[in-house]
Amino acid sequence: MKSPIIVDLKFPPDAVAKALAGAFPGREVINMAEPANAGRDLSGIEYALVWKQDPALFELAKDVKAIFSGGAGVDHILRVGGLPEHVPLVRFVDRSLTDRMSEWVVLQCLLHLRQMPAYLRAQRNRHWEELAQPEARDVTVGVMGLGVLGQDAARKLKVMGFHVVGWSRSAKALEGMQTFDGDGLNDFLAQADILVGLLPLTEETRGIYNKALFAKLKQGGPLGKPIFINAGRGGSQVEADILAALHGGILGGASLDVFETEPLSANSALWAEPNVVVTPHAAAASDVVALMRHVEGQIARHEAGLPLEHVVDRALGY
Ligand code: NDP
Ligand code: OXD
């Protein structure tokens, strides 16, 4: 008898219901979005798939043996708290999510390289003026976070011709790319014309993109001033410092997909900044069908006695 799975995903309910229709054959699915499941006895159930779960979920689901995240980042899940200790928490790692993130990152780097914010302004003003155009090979993109997403984005940026360097907590040897770890942050920043943030939100990375960091980026490169791009988590950026750096000539532009508070307030000055691109945490939304497939695969491994993959190190927070 297969253990049921609890699903508590704060995603659009119709997309979840549709994806669940063909998922988990032979296994009961307890979708917490259905009113009939409110207050249901969840004891004895071994699996839970969650994203921004109800804070009381694990008081009811005391016997879970594995928890699956609906996203690649797990800060929301850890922040809610109440997770049973020593139960593995598995991140969502999937080709579709990785491809989408790399599309977004490459798009933003090209957009700033090719001066699209300025050309779009010129178009609105019916103003014809060709701007100076550096080549990608002369521009260094520094990727902060060389995990699943950072490495794929770095590879694809290289295909577009950018010179790419990377920084991560532990040392990495990546072919054709200079990498820095931990203490090498200042040397890494000093090379970056474009800084791409693909870090998880942890105690160590909260507020890391701040005025002190922006001041260490390379000035006077082919783009004039450095560009800041972030699709990791908004809690890692200090928005007041981004605005001050833009106004003070420390940053030349930014592309932001994530924000300190989401949705971004209609009053935020970021919306109206001339060289700032704002997207609504949409760089790489989880494909719910792919998510179910990934969880099925991991449960199959677990039930075959194989180790779960992509397990979060709860002490590190990612
Ligand atoms: P991974 O866990 O695979 O990679 C995280 C990377 O960050 C690793 O290279 C890790 O270093 C590095 N890192 C973590 N902490 C530190 C630190 N203190 N100092 C230096 N480096 C650090 O995560 P993913 O690549 O899969 O995802 C990254 C993040 O992207 C997610 O956590 C999520 O927040 C965000 N995301 C955003 C989406 C969006 O739509 N905007 C969609 C999906 C994810 P090391 O290699 O040494 O462990
Ligand atoms: C994720 C996200 O972490 O969508 O997957 O932000």
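In this predicted model, ligand 2 is surrounded by Trp-51, Gly-71, Ala-72, Gly-73, Arg-233, His-281 and Ala-284. Sorted by class, this shell consists of 3 nonpolar, 3 polar and 1 charged residues. Two of the polar contacts of ligand 2 involve the protein backbone: a polar backbone atom of Ala-72 is 2.7 Å from an oxygen atom of the ligand, and a polar backbone atom of Gly-73 is 2.8 Å from an oxygen atom of ligand 2. A side chain also takes part, since a polar side-chain atom of Arg-233 is found 2.7 Å from an oxygen atom of ligand 2. Taken on its own, ligand 2 has 210 Å² of accessible area, and the protein covers 86% of that area.

Trp-51, one of the residues around ligand 2, belongs to strand 3, which spans residues 47–51 and is mostly covered, with 5 of its 5 residues buried. In a regular strand, side chains point alternately to the two faces of the sheet. In strand 3, Tyr-47, Leu-49 and Trp-51 lie on one side, whereas Ala-48 and Val-50 lie on the other, and the residues of both faces are all buried.

Strand 3 has a pairing partner in strand 1 (residues 5–9), with which it pairs in the parallel sense over 5 bridges; here Leu-9 stands opposite Trp-51. Strand 3 also pairs with strand 4 (residues 66–69), again in the parallel sense, over 4 bridges, and in this pairing Val-50 stands opposite Ser-69 of strand 4. These pairings are part of an open sheet of 5 strands, arranged in the order 2-1-3-4-5 with parallel pairing. At the edges of this sheet are strand 2 (29–31) and strand 5 (89–90), each of which pairs on one side only.

The second site to be described is that of ligand 1, which has 29 residues around it, those that come nearest being Arg-169, Ser-170, Lys-172, Asp-257 and Tyr-318. The shell comprises 15 nonpolar, 8 polar and 6 charged residues. At least two residues of this shell are supplied by each of helix 4 (95–113), helix 6 (148–159) and strand 7 (163–168). With regard to domains, the shell around ligand 1 draws at least three residues from domain 1 (5–92 + 286–303) and at least three from domain 2 (97–278).

The polar contacts of ligand 1 involve both backbone and side-chain atoms of the protein. A polar backbone atom of Gly-147 is 3.0 Å from an oxygen atom of ligand 1, while an N or O atom in the side chain of Asp-257 is 2.8 Å from a nitrogen atom of the ligand. Arg-233, which has a polar side-chain atom 2.7 Å from an oxygen atom of ligand 2, also has a polar side-chain atom 3.2 Å from an oxygen atom of ligand 1. The protein covers 92% of the 930 Å² of accessible area that ligand 1 has on its own.

Key: Residues numbered from 1 in each chain as written. Chains lettered and ligands numbered in written order. Predicted model: local features only at pLDDT ≥ 70, side-chain atom pairs only at ≥ 80, totals over all residues. Heavy atoms only, no water. Near = heavy atom within 4 Å. Polar contact = N/O pair within 3.5 Å; in protein donor to acceptor, adjacent residues only side chain to side chain. Areas by Shrake-Rupley, 256 points an atom, 1.4 Å probe, with all protein chains shown as cover. Nonpolar A, V, L, I, M, F, W, Y, C, P; charged D, E, K, R; others polar. Domains from an automatic or database assignment. Buried < 20%, exposed > 50% of the residue type's maximum accessible area, 1.4 Å probe, protein only. Pairing = 2+ DSSP bridges.
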